[in-house]
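Here is a friendly walk through one model, helix by helix. Keep the viewer open and follow along.

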Amino acid sequence: MSLSFTLDQFILTDSLFASLFILVISTLALGALACRPLGLGEALALGVLLSLALLLREGAGILSVLFLLLLGCRIFLSPQGQRLKSCIGAVSVFVPLFLTSQIYQGWNENRTGDRFITTGGQTVYLQGLVDAARRDTLIFSGDTDMDLAARDILADYSFAEVLQILSRLYDEGYQAPALAAMSRGKYMQAWVERPSSMLRMTVGHMRESLAFMTFQPLAAIRDTGFWATGERPWPDYSGLKRNLSDGTGTIILFGFESLERVTGILLTLSFLLTPAVWLVRAFRRRDWNTLLSGPVLVPVALWLFYLGFMIAHAMVHLETRYMAPVLPFSIMIGLLGIQGIYIAVRQRIRGRNAS
């Protein structure tokens with residue numbers, strides 16, 4: 001009943017990539033909750049899944065750093081005599097990923113003379129720079145060919161202009177691997193020289209649409225229809241709002257989609273606040289046993305994983321579908337928070353009735 005419904009109707013790298021990450025995240029989290037040590041076989045199997053994810057999307061290599069949160073929980077919650085075993089397993093998770101990366105880069109080097117996994121960075125990093133330049137034109141104030149092309153072309157700061165910049169650089173003789181390295185280098189330079197502008201760009205990518213994706217059954221059906229046929233079976237939320245005078249059907253759809261949005265926002269807020277409340281409560285009470293227990297450590301690790309995953313994408317470019325690998329865990333923790341509020345309110349009511 002979330003964004004995942006839409007993505008899973010199609011053969012997309014977004015859906016396949018998400019499924020692989022969800023399998024690894026779930027396995028590590030469940031093992032930590034069960035206080036089960038991470039064996040070598042399980043670790044290598046998880047590493048193979050991450051390697052498959054890398055073949056779908058190069059970003060898996062960077063995003064895999066976030067698994068240190070769950071691996072740390074797995075090690076800490078393992079029986080004391082089994083922690084060394086879990087440490088070895090945690091290191092082994094990254095072995096297949098490293099080998100796959102090196103083999104893939106070696107294969108590309110053999111074919112092209114350049115060592116790389118993909119050249120998608122030429123577009124991704126440049127798109128982030130263009131987004132930042134929308135509010136700070138000094139991003140492209142240098143004298144490189146990329147700076148010169150950007151100053152000549154940028155007007156609307158659109159994705160079409162990103163492609164025009166790359167096309168011009170292709171015409172000037174640059175090849176894809178060189179452009180990918182140039183975009184990445186320029187991106188890193190911008191963070192050093194214009195950190196406030198890059199930070200503003202990152203925050204600007206975190207739009208309110210991220211709060212709606214936890215619960216959108218009607219929107220999922222509408223978007224699925226659009227992807228399948230090219231036409232929406234009914235207008236999107238903004239369209240429904242503009243056309244409320246069209247009749248009862250439009251009013252009913254608008255009401256249900258409004259309810260969807262409210263539900264999604266409540267789930268997202270609960271997810272964002274619940275682990276923080278748990279941590280603050282445990283610190284205030286100095287309840288270290290609760291703070292260091294699996295039922296608190298694992299959700300907090302998943303919470304940090306989600307935030308890290310979102311920020312990593314927002315630093316370059318963020319679409320709601322990119323959040324599919326961590327979306328189920330935000331829903332789960334959000335529901336835990338709502339359940340906790342419900343239980344607390346019910347107990348208070350019972351206490352008043354009893355008195």
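## Val93 and its surroundings

Val93 sits in helix α6 of this predicted model. With a relative accessibility of 1%, Val93 falls under the 20% cut-off and so counts as buried. Leaving aside residues up to four places away in sequence, Val93 touches Leu38, Ala43, Gly47, Leu50 and Leu71. If you would like a distance to check in the viewer, try the C-alpha atoms of Val93 and Ala34: they are 59 residues apart along the chain and separated by 19 Å.

## Helix α6 as a whole

Zoom out to the helix that holds Val93. Helix α6 covers residues 83-112, which is 30 residues. From the first C-alpha to the last, α6 reaches 44 Å, close to the 44 Å expected at 1.5 Å a residue.

Val93 has company in being buried: Ser86, Gly89, Ala90, Ser92, Pro96, Leu97, Thr100, Ser101, Gln105 and Asn108 of α6 are buried too. What do the buried residues of α6 pack against? Their partners are α3 (40-56) and α5 (67-77). Just after α6 comes Gly113, with a positive phi of about 90 degrees.

## Two partners of helix α17

Helix α5 brings us on to helix α17 (residues 294-314): the axes of the two come within 8 Å and cross at roughly 165 degrees. That angle is over 145 degrees, so α5 and α17 are roughly antiparallel. Their crossing is right-handed. On the α5 side, the contact is made by Phe67, Leu69, Leu70, Cys73, Phe76 and Leu77. On the α17 side, Gly294, Leu297, Val298, Ala301, Leu302, Leu304 and Phe305 take part. By class, the residues of this contact are twelve nonpolar, one polar and no charged.

Helix α2 (13-33) also packs on α17, at an angle of about 155 degrees and with the axes 9 Å apart. This makes α2 roughly antiparallel to α17. The crossing of α2 and α17 is right-handed. Here Phe17, Phe21, Ile25, Ala29, Ala32 and Leu33 of α2 meet Gly294, Pro295, Val298, Leu302, Phe305 and Phe309 of α17. Sorted by class, the contact of α2 with α17 has eleven nonpolar residues, one polar and no charged.

## Helices α7 and α11

How do helix α7 (residues 121-133) and helix α11 (residues 195-204) cross? Their axes come within 9 Å, at roughly 105 degrees. An angle of 65 to 115 degrees counts as roughly perpendicular, so that is how α7 and α11 lie to each other. Gly128, Leu129, Asp131 and Ala132 of α7 meet Ser197, Met198 and Met201 of α11. This contact includes four nonpolar, two polar and one charged residues.

Helix α7 is also home to Gln127. Is Gln127 buried or exposed? Its relative accessible area is 13%, so Gln127 is buried. Not counting residues up to four places away in sequence, Gln127 touches Phe159, Val162 and His317.

## Helix α13

Helix α13 spans residues 217-229 and has 13 residues. Its reach from first C-alpha to last is 18 Å, close to the 18 Å expected at 1.5 Å a residue. Within α13, the residues Ala219, Ala220, Arg222, Thr224 and Gly225 are buried.

The buried residues of α13 pack against α1 (3-7), α14 (237-242) and α15. Just after α13, look for Gly230, which takes a positive phi of about 90 degrees.

## Positive phi in two loops

Which residues other than glycine have a positive phi? Cys35 is one of them, with phi near 55 degrees. Cys35 lies in the loop between α2 and α3. Its relative accessibility is 37%, and therefore Cys35 counts as partly exposed.

Arg286 also has a positive phi, of about 55 degrees, although it is not a glycine. You will find Arg286 in the loop between α15 (248-285) and α16 (288-291). At 62% relative accessibility, Arg286 is over the 50% cut-off and so counts as exposed.

Note on methods
Residues are numbered from 1 along each chain as its sequence is written. This is a predicted model: local features need pLDDT of at least 70, side-chain atom pairs count only at pLDDT 80 or more; totals for chains, interfaces and linings use all residues. Side-chain values use heavy atoms; hydrogens and water are left out. Helices (H or I, at least four residues) and strands (E, at least two) are DSSP runs, numbered from the N terminus. The expected span of a helix is 1.5 Å times one less than its number of residues. Buried means under 20% relative accessible area, exposed over 50%, partly exposed in between (1.4 Å probe, protein chains only). Contact means heavy atoms within 4.5 Å. Axes are lines fitted to C-alpha atoms, for helices over the stretch in contact, and angles run from 0 to 180 degrees between N-to-C directions. Angles under 35 degrees count as roughly parallel, over 145 as roughly antiparallel, 65 to 115 as roughly perpendicular and the rest as oblique. A crossing is left-handed if the near helix is turned anticlockwise from the far one by less than a right angle, and right-handed if clockwise. Ala, Val, Leu, Ile, Met, Phe, Trp, Tyr, Cys and Pro count as nonpolar, Asp, Glu, Lys and Arg as charged, and the others, Gly among them, as polar.
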